[in-house]
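Subject: Structure handover

Hello,

Here is the structure I promised to pass on. Please open it next to this email and follow along as you read.

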Amino acid sequence: MSRAPPDAAGDLFAANLKGSLLAVASSAFIGVSFIVKKKGLRRAGAAGSRAGVGGYGYLLEPLWWVGMITMLIGEIANFVAYMFAPAVLVTPLGALSIIVSAVLAHFILNEKLQRMGVLGCVLCIVGSTVIILHAPEEETPSSVEQIWHLATQPAFLCYAAFALVVSLILMTHCAPRYGQTNIAVYVGICSVIGSLTVMSIKAVGIAIKLTIEGINQAGYFQTWLFATVSAMCIIIQLIYLNKALDTFNTAVVSPIYYAMFTSLTILASAIMFKDWSGQSISSIASEICGFLTVLSGTVVLHSTRESDQTISPDLYTPLPPIYWHIQGNGETVKQKEDDLLSADFITVVRQDYFV
């Protein structure tokens, strides 16, 4: 990994400062967007099928689009932050979105945040701080071709293949069966795909930055390939993030998504850029402790979860009651509630509801 020469240290610090401030602003916007989109999803769910069960009525809800625009602003700020600072610095600062969304959900969505939930948020922040303080320096690529070379290393190709396989299993097998009851399914898809999104977005960001500086990167097919991968991954993330927000408590979705996404992104960055190759054992151990602290915070928050009681009418509406009667000749006959009873029926044995 290359180190900045002494005369470039000031420029590196300025770039990291810009990236950090943009990442903080991004987290604030994204945290607010969680709440606005959740209110939009609730309104859309009251008028039709919920997003958690495959409905797309939220696309007609203006409030959901306000949340989407807010998230877009945050994502643009995050996108620009990756142009200036390494992923291991930008990504952990997403912890701020946990605090914003959890506090706003407490006051706006009436999703009560218990004292242990506050402790969980604090643990997430402390763990993120440890990660930032001991994060390795990342080599800054000078062209899209250099990122392409890093992305085609055997180690990262194995990680990308593993991420795709896991995502496909979660989407095709786990989501239809366990998505409504296990928060790790929807959030896991967003996080695994998100780690690949960051790598491709960083490539696109560097291409734009170099093009602005006069070194045109539009002529390289790698630029457009990275842009296509970014767009596809972002769409998948949005679909399953909407499902997670519509199904589970916002104060729980945000920290778990943050912890999984941050961990996998830093892992992907370490594999791709070999961030840990020049670090001491103590620094690596400190980063691992930071990860464990963040994960502990998500467990604490998950233990304080208040399950949503909203029931999907199209899935759980019971069928009309059916009455069982004994006919005079001893035969058992069933008849719907709105049918008239015949004189041949002598008594009602029981009423069954089929759900």
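Tyr257 sits in helix H10. The model is a predicted one, so please keep that in mind throughout. Is Tyr257 buried or exposed? Tyr257 is buried, because its relative accessible area is 15% and the cut-off for buried is under 20%. Which residues does Tyr257 touch, leaving aside those up to four places away in sequence? The list is Phe34, Val187, Cys190, Ser191, Gln237 and Leu241. Now find Ile98. In sequence, Tyr257 and Ile98 are 159 residues apart. In space, their C-alpha atoms are 9.3 Å apart.

Stay in helix H10, which covers residues 250–273. Thr262 has its place there too. Thr262 is buried, with a relative accessible area of 3%. Not counting residues up to four places away in sequence, Thr262 touches Thr91 and Pro92.

Next, a helix pair.

Ile98 leads us to helix H4, as one of the H4 residues in contact with H5. Helix H4 spans residues 95–108, and helix H5 spans residues 115–133. Their axes lie 9 Å apart. The two helices pack at an angle of about 165°. That makes H4 roughly antiparallel to H5, because angles over 145 degrees count as such. Which residues make the contact? From H4 they are Ala95, Ile98, Ile99 and Ala102. From H5 they are Cys121, Cys124, Ile125 and Ser128. The crossing of H4 and H5 is left-handed.

Now the aromatic rings.

How many aromatic pairs does a search of the whole structure find? It finds six. A pair of aromatic rings is described by the distance of the centres and the angle of the planes.

Take Trp148 and Phe221. Their ring centres are 5.6 Å apart, and their planes stand at 70°. The pair is therefore edge-to-face, since that label needs an angle over 60 degrees. This pair links distant parts of the chain. Trp148 is in helix H6, residues 144–151. Phe221 is in helix H9, residues 221–247. The two residues are 73 residues apart.

Trp148 has another partner, Phe226. Here the distance is 6.0 Å centre to centre, with 70° between the planes. Trp148 and Phe226 are edge-to-face. This pair also links distant parts of the chain, with Trp148 in helix H6 and Phe226 in helix H9, 78 residues apart. Together, Trp148, Phe221 and Phe226 form one aromatic cluster.

Where do these three stand on exposure? Check each in turn:

- Trp148 is partly exposed, at a relative accessible area of 28%.
- Phe221 counts as exposed, because its relative accessibility is 52% and the cut-off is over 50%.
- Phe226 is buried, with a relative accessible area of 9%.

Finally, the whole chain.

The protein chain has twelve helices and three strands. It holds 355 residues, and buried residues make up 46% of them. Consider the contacts in the chain with a separation of 6 or more. Of these, 79% come from residues 24 or more positions apart. The accessible surface comes to about 17,800 Å². Carbon and sulfur atoms account for 68% of that surface.

Good starting points for your own look are Tyr257 in helix H10 and the cluster of Trp148, Phe221 and Phe226.

Best wishes

Notes
Residues numbered from 1 in each chain as written. Predicted model: local features only at pLDDT ≥ 70, side-chain atom pairs only at ≥ 80, totals over all residues. Heavy atoms only, no water. Phe/Tyr/Trp six-rings, centres within 6.5 Å; stacked < 30°, edge-to-face > 60°. Helix = DSSP H or I, 4+ residues; strand = E, 2+ residues; numbered from the N terminus. Buried < 20%, exposed > 50% of the residue type's maximum accessible area, 1.4 Å probe, protein only. Contact = heavy atoms within 4.5 Å. Areas by Shrake-Rupley, 256 points an atom, 1.4 Å probe, with all protein chains shown as cover. Axes fitted to C-alpha atoms, helices over the stretch in contact; angles between N-to-C directions. Parallel < 35°, antiparallel > 145°, perpendicular 65-115°, else oblique. Left-handed = near helix turned anticlockwise from the far one by under 90°.
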